[in-house]
Amino acid sequence: MGFIPVFMMYAAGWRRSILKFSRSSKMAALRSRKVVELFYDVISPYSWVAFEVLCRYRSRWNIDLQLRPFFIGGVFKETGNKPPGLLAAKYAYAQHDLRRLADFYKIPVKMPPMERLMRRENVNSNRLLTAVNLDCPQHLENLSRELWMRVMSRDQDISDPASLETAAAAAGIPSGTTPQLLGRIRDDDVKAALKDTTNQALAYGAFGAPTIVAHVEGTPVMIWGSDRFPLLAHMLGERWEGPLREMAKY
């Protein structure tokens with residue numbers, strides 16, 4: 001056997017070893033990813049902040065970020081908690097706070113006028129997000145973001161079918177798919193899935209939104225709010241690097 005055939009044989013073996021090592025490394029990296037669940041409602045402006053920050057850190061922290069749209073009204077009912085719009089002083093503070101957060105994180109979030117915020121219907125938007133999560137989860141992130149843009153940046157409706165259709169189009173959902181998804185809002189399995197997600201959040205101890213659940217060494221740890229990211233990083237064994245404004249979508 002000549003030198004060249006022998007060399008080619010060994011080279012082929014090396015390539016196979018390298019490919020096998022590469023696949024093994026990728027599988028190990030996937031197994032090592034820590035699960036972080038984000039329970040959110042698009043009627044919650046602070047949920048938008050948590051959503052964007054976790055999406056930015058998803059690759060930095062090598063986490064398996066699971067987006068879990070739920071119904072904050074159900075959480076309030078079960079826990080006795082109340083939305084900030086029902087307390088004038090809390091609502092006034094939230095307006096100033098959200099302006100600061102918008103600048104810090106580069107997110108166009110702002111609190112709508114109280115009278116309109118309290119009249120916003122969010123059941124249909126949460127059911128649509130649930131249907132998308134069930135049927136085409138690749139669109140869940142963009143649709144969530146677009147619904148927040150409508151209600152928490154442009155003070156627009158998120159309940160009327162025409163509004164939801166516009167949001168779906170802006171999120172990149174194919175026009176042929178949207179009518180089916182909108183029809184799913186009335187389906188029992190979608191209603192049950194939304195209720196189940198809400199109950200899961202309650203089982204973790206949720207009393208508001210956003211609710212973040214980090215699974216650390218097999219133990220779920222619930223964190224409430226959008227201002228605990230340094231603590232979350234510490235729990236995950238990662239480093240908090242600030243708002244990462246350069247990764248903003250806006």
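Which strands does α11 lie across, and at about what angle does α11 run to β3? In this predicted model, α11 lies across β1, β2, β3 and β4, and its run makes about 15 degrees with β3.

## The sheet

The four strands are arranged as an open sheet with mixed pairing, and their order is β2-β1-β3-β4. At the edges stand β2, residues 63-69, and β4, residues 219-224, each of which pairs on one side only. Taken on average and with direction ignored, neighbouring strands of this sheet are turned by 20 degrees against each other.

In general, the strands of a sheet pair through backbone hydrogen bonds, in either a parallel or an antiparallel manner. Here β3, which covers residues 211-216, runs antiparallel to β4 and is joined to it by six bridges. Within this pair, alanine 214 has valine 221 of β4 standing opposite.

## Helices against the sheet

Helix α10 packs on the sheet and touches β1 (34-40), β2, β3 and β4, while the direction of α10 makes about 110 degrees with that of β1. Helix α11 likewise lies across β1, β2, β3 and β4, but its angle of about 15 degrees is given with respect to β3.

## The largest pocket

The largest pocket holds about 800 Å³ of space, and its lining is made up of 36 residues, with Ser44, Tyr46, Pro83, Pro84 and Ala209 lying nearest its centre. By class, this lining comprises 22 nonpolar, eight polar and six charged residues.

At least two lining residues of the largest pocket come from each of α2 (45-57), α3 (72-79), α4 (88-105) and α11 (229-236). Of the contributing elements, α4 gives the most, with seven residues. Helix α11 therefore appears in two settings, since it supplies residues to this lining and lies across the strands of the sheet.

## The second largest pocket

For the second largest pocket the volume is about 210 Å³. Its lining consists of Phe71, Gly74, Lys77, Glu78, Val123, Arg127, Lys191, Leu194, Lys195, Thr198, Asn199 and Leu202. Two or more of these residues are given by each of α3, α6 (123-135) and α10 (188-204), and α10 gives the most, with six residues. The lining of this pocket divides into four nonpolar, three polar and five charged residues.

Two helices link these descriptions. Helix α3 supplies residues to the lining of the largest pocket and also to that of the second largest pocket, whereas α10, which gives the most to the second lining, is also a helix that packs on the sheet.

Terms used
Residues numbered from 1 in each chain as written. Predicted model: local features only at pLDDT ≥ 70, side-chain atom pairs only at ≥ 80, totals over all residues. Heavy atoms only, no water. 1 Å grid on protein atoms, 1.4 Å probe; cavity = no way out; pocket = protein on both sides within 12 Å on 5 of 7 lines; lining within 4 Å. Points joined across faces, edges and corners; volume = space filled by probe spheres on them. Nonpolar A, V, L, I, M, F, W, Y, C, P; charged D, E, K, R; others polar. Pairing = 2+ DSSP bridges. Axes fitted to C-alpha atoms, helices over the stretch in contact; angles between N-to-C directions. Contact = heavy atoms within 4.5 Å.
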